[in-house]
Amino acid sequence: MTKNEFLTALQDMLQTDTELAEDTPLAGMEEWDSLAFMVLIAFFDKNFGKKLTFEDLSACKTPAALMLLSGGAIQ
């Protein structure tokens, strides 16, 4: 998966019209909530075989940090 594909998928998962970049702050977004965490946990499990926790996602401040959680699957 490319970075642009991931950013587009993340925007869809968050159901936001805000165009996301690698350095977009997530904490200030209304959509960055527990429902988004649950969707991302399922997405990472299905697409990358990664088992994430709420703590993993809470530590991510930007989409770039989320990309690191893929273990190199996002290029």
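A residue is called buried here when its relative accessible area is under 20%, exposed when that value is over 50%, and partly exposed in between. By this rule, 35% of the 75 residues of the protein count as buried. The structure described is a predicted model, and the account below moves from the overall fold to the core, the surface and the loop that joins the first two helices.

The protein has 4 helices and 0 strands, and from the N terminus on its elements follow the order α-α-α-α. The C-alpha trace spans about 25 × 25 × 20 Å along its principal axes. A compact globule of 75 residues would have a radius of gyration near 11 Å, and the value found for the protein, 11 Å, agrees with this. Long-range pairing in the sequence is also well represented: among contacts between residues at least 6 apart, 52% join residues that are at least 24 apart. About 4,500 Å² of the protein is exposed, with carbon and sulfur atoms supplying 51% of that area.

Attention turns next to the interior. In soluble globular proteins, nonpolar side chains tend to be buried together. In this model, the largest nonpolar core holds 22 residues, and the members that touch the most others are Phe6, Trp32, Leu40 and Leu66. At least two residues of this core come from each of helix H1 (3-14), helix H2 (34-48) and helix H4 (63-68). Leu40 gives a good view of how the core is put together: apart from residues up to four places away in sequence, Leu40 touches Leu10, Met13, Trp32, Leu57 and Leu66.

One of these partners, Leu57, lies in helix H3 (residues 54-58). Leu57 has a relative accessible area of 0% and is therefore buried, the cut-off for that class being under 20%. Once neighbours within four places in sequence are set aside, the contacts of Leu57 are with Trp32, Phe37, Leu40, Ile41, Leu52, Leu66 and Leu69. Trp32 and Leu66 thus appear in this list and also among the partners of Leu40. Ser70 makes a useful distance marker for the same residue: Leu57 and Ser70 are 13 residues apart in sequence, with their C-alpha atoms 12 Å apart in space.

Nonpolar side chains are found on the outside as well. Leu35, Met38, Val39 and Phe54 form a surface patch, and together they have about 360 Å² of accessible area. Helix H2 provides the largest share of this patch, 3 residues. Val39, a patch member, is placed in helix H2. With a relative accessible area of 31%, Val39 is partly exposed.

As for charged pairs, the model has 2 salt bridges. In one, the side chains of Glu22 and Lys3 meet at 3.8 Å, N to O. This pair links distant parts of the chain, as Glu22 is in the loop between H1 and H2 while Lys3 is in helix H1, 19 residues apart. Glu22 is partly exposed at 35% relative accessibility, and Lys3 is likewise partly exposed, with a relative accessible area of 35%. In the other salt bridge, between Asp45 and Lys51, the closest N and O atoms are 2.8 Å apart. Asp45 has 33% relative accessibility and so counts as partly exposed, whereas Lys51, at 64%, is exposed.

The loop between H1 and H2 has further points to look at in the viewer. Gln15 is found in this loop and is exposed, with a relative accessible area of 71%. Most residues other than glycine have a negative phi. The phi of Gln15, however, is positive, near 50°. Glu31 is also in the loop between H1 and H2, and its 26% relative accessibility makes it partly exposed. Leaving aside neighbours within four places in sequence, Glu31 is in contact with Leu14, Gln15, Thr16 and Ala36. For the first named of these partners, the separation between Glu31 and Leu14 is 17 residues in sequence but 5.7 Å in space, C-alpha to C-alpha.

Note on methods: Residues numbered from 1 in each chain as written. Predicted model: local features only at pLDDT ≥ 70, side-chain atom pairs only at ≥ 80, totals over all residues. Heavy atoms only, no water. Core = buried A, V, L, I, M, F, W, Y, C linked by side-chain atoms within 4.5 Å. Buried < 20%, exposed > 50% of the residue type's maximum accessible area, 1.4 Å probe, protein only. Contact = heavy atoms within 4.5 Å. Patch = residues over 30% accessible without salt bridge, like charges linked within 9 Å, V, L, I, M, F, W, Y side chains within 5 Å. Areas by Shrake-Rupley, 256 points an atom, 1.4 Å probe, with all protein chains shown as cover. Salt bridge = Lys/Arg side-chain N within 4 Å of Asp/Glu carboxyl O. Rg over C-alpha atoms; globule rule 2.2 N^0.38 Å.
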